[in-house]
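Dear colleague,

I am passing the structure below on to you, and my notes on what was found in it follow underneath. Please read them alongside the coordinates.

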Amino acid sequence: MVAPGGVNSPVRAFRAVGGSPVFMASGRGAWLTDVDGNQYVDLVGSWGPMLLGHAHPAVLEAVTAAVSRGTSFGTPSAPEVELAEEIIDRTPVELVRMVSSGTEATMSAVRLARAFTGRDTVVKFAGCYHGHVDALLAEAGSGVVTLGIPGTPGVPAHVTADTVVLDYNDRAGVEAAFDQLGDRIACVITEAAAGNMGLVPPGPGFNQFLSEITTRHGALLISDEVMTGFRVTRSGQWGLDGAVEGWRPDLVTYGKVMGGGFPAAAFGGRADIMSQLAPAGPVYQAGTLSGNPIATTAGLATLRHADAAAYERLGAASIRLQHMVAESLSAAGVVHRIQHSGSMFSVFWGVDQPVVDFAGAQAQETWRYAPFFHAMLDAGVYLPPSAFESWFVSAAHDEEALSRIAEALPHAAAAAAAAEQPDPQGSR
Ligand SMILES: Cc1ncc(COP(=O)(O)O)c(C=O)c1O
C-alpha cells in the first residue's frame with residue numbers, strides 16, 4: 001500500500017461498507033470499467049463532476065485541442081474568462097475568482113467574508129461539509145461522518161473557537177445566534193442544499209431567511225454550491241430558490257461540475273466584496289494553477305453541453321431511478337425515505353419521516369446499506385460506499401444503464417431487508 005488507507009480521499013474507501021475499493025480503469029457515458037474488465041453503471045460520477053457522463057466526446061475534443069496548445073501558462077488565458085462568463089450568466093455572481101478545489105473556494109470565501117466585515121465568527125450547520133478547511137470541519141458531513149471521526153485532530157482549538165455550529169433548517173437557532181453574537185458574525189456558510197449527510201433540502205424559504213438575517217446584521221451569506229452548482233438546475237440550487245424568490249447570496253462557491261472532471265473550482269459574488277481580493281484589494285488569495293487552461297476548457301465544454309435537453313435527460317433519469325429504488329425497497333419491506341433536490345437524491349434507511357437535519361440523518365439504519373451496496377456492486381452498479389452520500393446521476397444514464405440498475409435492485413433490496421443490526425458493543 002502506498003497511500004494512507006489505500007486512497008487519496010477518505011470517501012473512496014470502503015470502511016463503512018466493508019471490503020476494498022474497486023480500482024477503475026476507464027469510463028464512458030454512464031459506465032465505469034474496473035482494472036479486471038468488469039463494467040458498472042456509475043452512480044457516483046466522480047462525486048458530482050460528471051454531469052454529462054464519462055469521456056463526453058465534446059469535452060474530450062476540447063481538452064485534447066487545449067493540451068496540444070500547452071498545459072499551463074501562469075498568465076491570464078481565454079478559457080478562464082469564458083468559463084467565468086458562463087458562470088456569471090447562469091448564477092447570481094458578478095465577479096469570479098478561479099481556484100483548483102472546492103476546499104480552496106470555501107476557505108477563500110470565508111477569509112474574504114471575514115476581511116470584508118472585519119468580524120471573525122463563522123456560522124456553519126452540522127452535517128454540512130465544506131471541504132477540509134480547518135475552521136469548517138466541526139460536525140462535518142461526508143467522510144467525516146461516514147468514518148465517525150469525532151473531532152478534528154490537528155486543528156488547534158483557537159482555530160475553531162470562532163466557528164459556531166447550528167442545526168440545519170433551524171431558524172430559531174439561527175435567530176438566537178444572531179441575537180447573541182450578531183455584531184461578531186462575519187458570515188453564515190451553508191450548503192445550498194445539504195448533500196453531504198445524505199440529501200437534506202433546505203426547508204421552504206430557509207435560504208432566503210439566511211439571506212435576510214445576515215443582511216440585517218451586516219454579515220454575509222456564503223452559499224456553498226460546490227456540489228449543487230450547475231447540477232440541480234443550470235443555475236444550481238439558487239435556480240430553485242433565490243432566482244424564484246428574488247434574493248442573492250453575497251458569495252457563492254462552485255466546484256465539481258464546473259471543472260468537467262478536472263481540478264477547477266471558483267468562488268464569486270457581489271462585485272464590491274470580490275473587489276477586496278488582491279490585486280484589486282488587500283485580501284490575499286492566489287494559486288499557481290488557478291484558472292488552468294485545460295481544467296477551464298473542460299469545465300467550459302461541460303457547461304456548454306449542459307443545455308436544457310441535458311438537464312431534462314438528467315432529471316428524467318433521476319426520477320425514474322428514485323421510483324425504481326422506492327418500489328424495490330417497499331416490495332422488500334425496507335422502511336426508507338428518499339429525499340431530493342433537483343436530480344440529486346439519497347436514500348435514508350429505516351426512516352419514514354422527513355430528515356431535516358444532521359440528527360435525523362444520523363438516526364438512520366446505516367447497517368442496512370452495506371449489504372445493499374455490495375449486492376448492487378456484485379450486480380454491476382457502483383454506488384457511493386456510504387449511506388451519508390448523495391447519488392449522482394448523469395445525462396448519459398440511458399435505458400441500458402437504468403435496466404442494469406432495475407435488474408440489480410430486487411436482490412439488493414432483499415439483502416437490505418435481511419440485514420441485522422450489529423451489536424453496538426461490536427468492533428466494527
Ligand atoms: C458542498 C461541498 N463543499 C466543498 C467541498 C470540497 O470540495 P473539494 O473536494 O473539491 O475540495 C465539497 C466536496 O465534496 C462539497 O460537497
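**Ligand surroundings**

The residues that surround the ligand, each having a heavy atom within 4 Å of it, are Ser-101, Gly-102, Thr-103, Tyr-129, His-130, Gly-131, Glu-191, Asn-196, Asp-224, Val-226, Met-227 and Lys-256. Please keep in mind that this is a predicted model, in which local features need pLDDT of at least 70 and side-chain atom pairs count only at pLDDT 80 or more, whereas totals for chains, interfaces and linings use all residues. Residues are numbered from 1 along each chain as its sequence is written, and side-chain values use heavy atoms, with hydrogens and water left out.

Among the polar contacts (pairs of N or O atoms within 3.5 Å), an oxygen atom of the ligand lies 3.0 Å from a polar side-chain atom of Asn-196, and an oxygen atom of the ligand is also 3.0 Å from an N or O atom in the side chain of Lys-256. A polar backbone atom of Tyr-129 is 3.4 Å from a nitrogen atom of the ligand. Of the 390 Å² of accessible area that the ligand has on its own (Shrake-Rupley method, 1.4 Å probe), the protein covers 82%.

**Helix H14**

Helix H14, a DSSP run (helices have at least four residues, strands at least two), comprises the 20 residues 399–418 and spans 29 Å from its first C-alpha to its last, close to the 28 Å expected at 1.5 Å a residue, where the expected span is 1.5 Å times one less than the number of residues. At Leu-409, shortly before the proline Pro-410, H14 has a kink of about 40°, the angle between axes fitted to the seven residues ending there and the seven starting there. Leu-409 is also one of the buried residues of H14, which include Ala-401, Leu-402 and Ile-405; buried means under 20% relative accessible area with a 1.4 Å probe, protein chains only.

**Backbone points to check**

Most residues other than glycine have a negative phi, and most peptide bonds are trans. Phe-230, however, has a positive phi of about 60° and is buried at 1% relative accessibility, while Trp-47 has a phi near 70° and is buried at 12%. The peptide bond from Ala-278 to Pro-279 is cis, with omega near 5°, and Pro-279 is found in the loop between helix H9 (271–274) and helix H10 (293–305).

With best regards

Methods. Buried means under 20% relative accessible area, exposed over 50%, partly exposed in between (1.4 Å probe, protein chains only). A polar contact is a pair of N or O atoms within 3.5 Å; within protein, one must be able to donate a hydrogen and the other to accept it, and residues adjacent in sequence count only if both atoms are side-chain atoms.
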